[in-house]
Amino acid sequence: MQEGTMDRRGQSHPPQCTTTRENRKIVRMAVTDHSVTSRTLVQHMKSVTYLLVSARTILRRLQQSGLST
C-alpha cells in the first residue's frame, strides 16, 4: 500500500449522515403527508433536529424504505 492512501477494504459504503431513528422520522413524515416535498423535509429536519441533510439524501432514504419518488 502506498503512503498517504487509506485502505478501504471491508467498507462497501461511506457512513450515513442520518441515524435509523432520523430515517424513520423522514419516512413517517412523507407517509403522513403525501404532498410534502424533499425540500420541505430538509427544512423541517433543520428546524427540529438541527441536522443538515440534502434533498438528495432525503430522496435516497425514501427510496431505501421502498417509497417511490
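Reader: Which side chain of opposite charge is nearest to the buried Arg61, and how far away is it?
Author: This is a predicted model, and in it Arg61 is buried without a salt bridge. A salt bridge would need a side-chain nitrogen within 4 Å of a carboxyl oxygen. The nearest side chain of opposite charge doesn't get there: that's Glu22, at 7.8 Å.

Reader: OK, then which side chain makes a polar contact with Arg61?
Author: Look at what Arg61 touches beyond four places in sequence: Gln16, Cys17, Thr18, Asn23, Ile26 and Val27. One of these is joined to Arg61 side chain to side chain by a polar contact of 3.3 Å, and that partner is Asn23.

Reader: Where does Arg61 sit in the secondary structure, and which residues of that element are buried?
Author: Arg61 belongs to helix α3, which covers residues 55-64. The buried residues of that helix are Ala55, Thr57, Ile58, Arg61 and Leu62.

Reader: Why do those buried residues line one face of α3?
Author: Take the view down the helix axis. The buried residues of α3 all lie within an arc, so they line one face of the helix, and that arc is 160°.

Reader: What do the buried residues of α3 pack against?
Author: The protein has three helices and zero strands, and along the sequence the pattern reads α-α-α. The buried residues of α3 pack against α1 and α2.

Reader: Which element gives the largest share of the largest nonpolar core?
Author: That core has twelve residues, among them Ile26, Val27, Leu41, Ile58 and Leu62. Elements giving two or more residues to it are α1 (20-32), α2 (38-49) and α3. The largest share is four residues, and it comes from α1.

Reader: Which residues does Leu62 contact, leaving aside neighbours within four places in sequence?
Author: Leu62 is one of the core residues, and it's also one of the buried residues of α3. With those sequence neighbours set aside, its contacts are Ile26, Val27, Ala30, Leu41 and Leu67.

Reader: What's going on with the backbone just after α3, and which residue is it?
Author: Helix α3 spans residues 55-64. Just after the helix there's a positive phi of about 100°, and the residue taking it is Gly66.

Reader: Zooming out, what percentage of the protein's residues count as buried?
Author: Buried here means under 20% relative accessible area. Arg61 meets that cut-off, as does Leu62. Of the 69 residues in the protein, the buried part comes to 26%.

Note on methods. Residues are numbered from 1 along each chain as its sequence is written. This is a predicted model: local features need pLDDT of at least 70, side-chain atom pairs count only at pLDDT 80 or more; totals for chains, interfaces and linings use all residues. Side-chain values use heavy atoms; hydrogens and water are left out. Buried means under 20% relative accessible area, exposed over 50%, partly exposed in between (1.4 Å probe, protein chains only). Lys and Arg count as positive and Asp and Glu as negative; His and the chain ends are not counted. A polar contact is a pair of N or O atoms within 3.5 Å; within protein, one must be able to donate a hydrogen and the other to accept it, and residues adjacent in sequence count only if both atoms are side-chain atoms. Contact means heavy atoms within 4.5 Å. A nonpolar core is a set of buried Ala, Val, Leu, Ile, Met, Phe, Trp, Tyr and Cys residues joined through side-chain atoms within 4.5 Å. The arc is that of the directions from the helix axis to the C-beta atoms.
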